[in-house]
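Hi,

Here is the structure I promised to pass on to you. My notes follow below it, starting with the metal site.

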Amino acid sequence: MISGIKVDTHTHTVLSGHAWSTLQENAVAARERGLAGLCLTEHGPRIPGGGADIIPAAQNMLPKVIGGIRVFRGTEANIVDFYGTLDIGAKFLSRTEFAIASLHDVVMRPGEPTQNTDALMAALNTDRIDMLGHLDDPKIPSDHEALVLEARRLGKLIEINNNSLSVRRNSEGNVIKLARLCMKHQVPVCISSDAHFSTMVGAVENAVNLLNRLEFPEELVLNRGIEPFEAYIVRKPPPGKFSARLDGKEPA
Ligand SMILES: [Zn+2]
Ligand SMILES: [Zn+2]
């Protein structure tokens with residue numbers, strides 16, 4: 001039984017261009033929800049109004065803990081073509097602690113399922129990318145099982161996006177499908193809010209209820225506590241050493 005999350009792994013502030021709260025407001029909201037951490041995952045520059053690509057690196061100027069909340073440096077990079085090219089380059093991606101790659105239909109027109117799958121597959125294989133965001137989007141069909149298996153091979157993550165259940169029409173069937181595939185193949189997930197306003201931070205009840213209906217095992221939810229989440233961050237190889245993880249060897 002999943003009781004909730006302690007780290008919200010996907011949140012936006014005004015810097016994303018179409019969100020409404022500041023980092024300070026999000027941190028206060030996170031604290032009120034009883035969270036221990038949040039990932040600051042602003043959209044990359046290619047989303048309309050998106051922030052500069054330097055933002056992941058500029059997060060180095062922030063305190064690690066804001067209002068009692070551990071703020072993990074992150075990004076939600078946009079996939080911009082079927083080769084899986086991202087709008088945050090390696091130089092700035094390497095400065096993140098947690099990075100999501102997502103397809104958005106306002107950034108590029110979705111293709112055939114095989115093309116979308118190729119794009120997502122390549123993005124997931126990018127050094128420093130940890131998780132694919134909202135694969136459930138019915139407007140962007142892809143081969144969920146192939147992607148879940150690739151996440152398993154790479155030791156990476158699949159997102160269960162609470163916001164999809166409210167804003168991505170008809171996504172619930174896909175969220176259920178993704179959850180079942182992650183159970184079948186024992187792939188860890190992060191349950192996230194994809195908050196665009198402070199009251200959304202940590203609000204993941206719909207996703208938690210859905211997973212509990214499926215009897216999704218709590219131990220597969222990486223952000224169930226701050227300890228397993230931090231352990232994942234610490235285990236990550238330093239930038240450029242990603243191939244070491246593919247080998248299953250310790251990074252040099
Ligand atoms: Zn997104
Ligand atoms: Zn987002």
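In this predicted model, the zinc ion (ligand 2) takes its protein donors from His-10 (NE2), His-12 (NE2), Glu-76 (OE) and Asp-194 (OD), at 2.0 to 2.3 Å. Donors here are N, O and S atoms within 2.8 Å of the metal (3.2 Å for Na, K and Ca), and water is not among the atoms, so sites may look incomplete. Along the chain these donors follow the pattern H-x1-H-x63-E-x117-D. The pair Glu-76 and Asp-194 links distant parts of the chain: Glu-76 sits in strand 4 and Asp-194 in the loop between strand 8 (189-192) and helix 8 (205-213), 118 residues apart. Helices (H or I, at least four residues) and strands (E, at least two) are DSSP runs, numbered from the N terminus.

The angles among the 4 donor atoms of the zinc ion (ligand 2) run from 81 to 168°, and the site is irregular. For that label, four donors count as tetrahedral if all angles lie between 85 and 135 degrees; four count as square planar and six as octahedral if opposite donors are over 155 degrees apart and all others between 65 and 115; anything else is irregular.

Glu-76 also bridges the zinc ion (ligand 2) and the zinc ion (ligand 1), which lie 3.4 Å apart. For the zinc ion (ligand 1), the protein donors are Glu-76 (OE), His-104 (NE2) and His-134 (NE2), 2.1 Å from it. Their spacing in sequence is E-x27-H-x29-H. Glu-76 lies in strand 4 and His-134 in the loop between strand 6 (131-132) and helix 5 (144-154), so this pair ties together parts that are 58 residues apart in sequence.

Are these donors buried or exposed? Glu-76 counts as buried at 0% relative accessibility, and His-134 does too, at 2%. Asp-194 is likewise buried. Buried means under 20% relative accessible area, exposed over 50%, and partly exposed in between (1.4 Å probe, protein chains only).

Helix 1 (residues 23-32) may also interest you: Leu-23, Asn-26, Ala-27, Ala-29 and Ala-30 are buried there. Seen down the helix axis, the buried residues fall within an arc of 165°, so they line one face of helix 1; the arc is that of the directions from the axis to the C-beta atoms. Gln-24, Arg-31 and Glu-32, on the other side of helix 1, are exposed. The cover over its buried residues includes strand 1 (7-11), strand 2 (37-40), strand 3 (65-66) and strand 4 (69-78). Just after helix 1, Gly-34 has a positive phi of about 85°.

As for the whole protein, there are 10 helices and 8 strands, and 54% of the 252 residues count as buried. Among contacts (heavy atoms within 4.5 Å) between residues at least 6 apart in sequence, 80% join residues at least 24 apart.

On confidence, the average pLDDT (the predictor's confidence in each residue, from 0 to 100) is 94, and 94% of the residues score at least 70. Residues 243-252 stay under 50. Where pLDDT is low, the predicted coordinates should not be read in detail.

Two bookkeeping points to finish. Residues are numbered from 1 along each chain as its sequence is written, while chains are lettered from A and ligands numbered from 1 in the order in which they are written. Local features need pLDDT of at least 70, side-chain atom pairs count only at pLDDT 80 or more, totals for chains, interfaces and linings use all residues, and side-chain values use heavy atoms, with hydrogens and water left out.

Best wishes
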